[in-house]
Amino acid sequence: MMPDSPQFVPAVRAALLDWYDAHARALPWRVGPHERAAGVRPDPYRVWLSEVMLQQTTVPHATAYFLDFTRRWPTVADLAAVADGDLMAAWAGLGYYARARNLLACARAVASEHGGVFPDDEAGLLALPGVGAYTAAAVAAIAFDRPANVVDGNVERVTARLFAVETPLPAAKPELKRLAATLVRDDRPGDWAQALMDLGATVCRPKAPLCDRCPLAFGCAAFRTGDPGRYALKTKKVARPRRKGAVFVLRDGQGRVALERRPDRGLLGAMLGLPTSAWDQTGAGVEAAPVPADWRATGEVEHVFTHFALTLTVFEATGQGDFIWTDEDEAAQALPSVFRKALRPPRSSRASGAASG
Ligand code: SF4
């Protein structure tokens, strides 16, 4: 069946909701389709908490955190009362601490400004601190059965396949959102959102979609192409060319380091920097040193500029010369980061042994 058929949307919706009734994943924050049909309402706090966690990690990883959080803080008011440090400690392992801070800010806003009750529509949810468009739509649909268009990565992929969208991501995002919206109706919005998520997670998987088990194969344009795994298309990352060079850390033995003013034009133009060789494909070595000295190669630093990636071999020596001699601590603060890395290498930089020169 083609998307322009008047039967397309009703048939796709009926097929997916029937499939969800039979195959919905049992998740600790979820009210399944049969309970929901029997009138059980999801707890918005649990829906919101699970959605925030799931933006960080996979379902199996999030599940342990979700169970721990809801055991310790069964309501949004309990979570709002937790000390910042305790929340951060409980969040450890989920990454992105800014999200944990937003979580707490949102819980406190719900507790103090909304009497512990989550707003029940997208606009109200969106006004909460740290709640973005996706979370607002997901909570509105799943917790309150609002016909919100919930589009996460799984839904983007299913939509791209169902309609065989040829525009690559991320440029396709608005188109995918618009197409996903054509399938949303007032009937069972919470189940619909979760059915699409489940289909994407278990059947319409990123690699090797299981089209032979898919309830939507009859209407799926990507399936008809014979190569559904090609969708969703993604813009290929442009490989950055790599340049190499040498950078020279010359110290005077009195806490100062030799700097140069870079040429006005070009990369890092007119800024202070360490002396360097040219940066090109071949990469100069110690022969490019600005003055003769007992140069030793002490490591490498990597830096990524907009148009190329750079590997610099760091050479160090003690000596004299006509430079801008600057207190090393001051230089470490003031230099552009590529030079700062050479002066104070991050722990990940690779030592490459000593070389004479
Ligand atoms: Fe995905 Fe295949 Fe189903 Fe199309 S038929 S929605 S590609 S699993």
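P170 turns up in the loop that runs between helix 10 (153-162) and helix 11 (173-181). In this predicted model, the peptide bond leading into P170 from L169 is cis, with omega near 5 degrees.

There's a second cis bond to look at, from Y231 to A232, and its omega is near -5 degrees. A232 belongs to the loop between helix 13 (221-225) and strand 1 (242-251).

Why look at such spots at all? Most peptide bonds are trans, and most residues other than glycine have a negative phi.

On the phi side, D145 has a positive value without being a glycine, and A164 does likewise. Here's where they sit:

| Residue | Phi | Loop |
|---|---|---|
| D145 | near 50 degrees | between helix 9 (133-144) and helix 10 |
| A164 | about 45 degrees | between helix 10 and helix 11 |

Are these two residues buried or exposed, or something in between? D145 counts as partly exposed because its relative accessibility is 22%, and the cut-off for buried is under 20%. A164 comes in at 18% relative accessibility, so it counts as buried.

Now for the ligand. The space it takes is the largest cavity. Around the ligand you'll find R161, V203, C204, P209, C211, C214, A217, C220, F223 and P228. What is the split of that shell into nonpolar, polar and charged residues? Nine are nonpolar, one is charged and no polar residue is present. The charged one is R161, while the cysteines C204, C211, C214 and C220 are among the nonpolar ones.

How values were computed: Residues numbered from 1 in each chain as written. Predicted model: local features only at pLDDT ≥ 70, side-chain atom pairs only at ≥ 80, totals over all residues. Heavy atoms only, no water. Near = heavy atom within 4 Å. 1 Å grid on protein atoms, 1.4 Å probe; cavity = no way out; pocket = protein on both sides within 12 Å on 5 of 7 lines; lining within 4 Å. Sits in = over half its atoms within 2 Å of the grid points. Helix = DSSP H or I, 4+ residues; strand = E, 2+ residues; numbered from the N terminus. Buried < 20%, exposed > 50% of the residue type's maximum accessible area, 1.4 Å probe, protein only.
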